[in-house]
Amino acid sequence: MEPITLYKGRAAVLDRKNVDTDQIIPKQFLKRIERSGFGEFLFYNWRFDETGKERPEFELNQPDNQNKSILIAGENFGCGSSREHAPWSLKDYGFDIIVAPSFADIFKSNCMKNGMVPIALTPDEVKRLMEGASAPDYELTIDLPNQTLKDDQGFEASFEIHPYWKEMLVKGWDEISITLQYDKEISAYESRTKVSI
């Protein structure tokens with residue numbers, strides 16, 4: 001995974017509460033286990049009609065919300081089932097940061113396991129960001145080591161993140177990377193405990 005330290009990006013707004021994982025990635029698209037290729041199905045039933053044509057009224061289909069890497073959403077984002085395909089689809093679509101007043105716990109940890117940063121701010125702070133994001137060149141800066149989020153209009157907020165996940169994201173590690181930090185110790189143990197068959 002790519003390390004995340006100082007991150008700059010433009011934000012798209014999805015002003016909806018209780019967005020569940022089946023809305024993020026509908027169940028009919030959960031047929032593969034690789035992490036790539038799910039972005040095209042993100043919010044599928046909201047993005048497309050029954051014929052597969054884009055719904056122009058949906059937020060992410062609007063021209064001003066194209067090619068943005070930060071998603072600002074409503075409270076309880078990622079609720080519902082624990083499918084890891086939900087963060088896979090968001091990441092594959094191009095989002096690296098999700099900002100909302102609250103997240104479902106399993107979704108939140110799945111995001112961090114997949115190199116995304118879920119940032120919980122107060123409802124008032126999220127509302128301020130949503131209003132700011134209506135400007136076409138609105139940009140956010142996330143300083144993960146110092147746990148701050150700033151915009152280019154003077155707004156700044158701090159956020160909480162568990163030290164374990166912060167280290168993982170800053171160093172670009174996944175859980176296999178953590179294990180490989182102990183490669184010498186693992187190899188030494190294996191050489192001491194060889195069993196003949």
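**Strand β5 and its partners**

Visitor: What makes strand β5 (residues 139-143) count as largely enclosed by the rest of the structure?

Guide: In this predicted model, four of the five residues of β5 are buried, so the strand is largely enclosed by the rest of the structure; buried here stands for a relative accessible area under 20%.

Visitor: Why are strands β1 and β5 called paired?

Guide: Pairing requires at least two bridges between the strands, and five bridges join β1 (residues 6-14) to β5, so the two strands, which run antiparallel, satisfy that requirement. Within this pair, lysine 8 has threonine 141 of β5 as its bridge partner.

Visitor: How do you know that β5 also pairs with β6?

Guide: Four bridges join β5 to β6 (residues 148-151), again in an antiparallel arrangement, and because at least two are required, this counts as a pair as well. Threonine 141, the bridge partner of lysine 8, stands opposite lysine 150 in β6.

Visitor: What lies between the strands in the hairpin of β5 and β6, and which residue there takes a positive phi?

Guide: Four residues lie between the two strands of this hairpin, and glutamine 147 takes the positive phi, near 55°.

Visitor: How many residues of the whole chain count as buried, as a percentage?

Guide: Of the 197 residues, 44% count as buried, in a chain that has eight helices and seven strands. Among the contacts with a separation of 6 or more, 64% come from residues 24 or more positions apart, where a contact means heavy atoms within 4.5 Å.

Notes:
Residues are numbered from 1 along each chain as its sequence is written. This is a predicted model: local features need pLDDT of at least 70, side-chain atom pairs count only at pLDDT 80 or more; totals for chains, interfaces and linings use all residues. Side-chain values use heavy atoms; hydrogens and water are left out. Buried means under 20% relative accessible area, exposed over 50%, partly exposed in between (1.4 Å probe, protein chains only).
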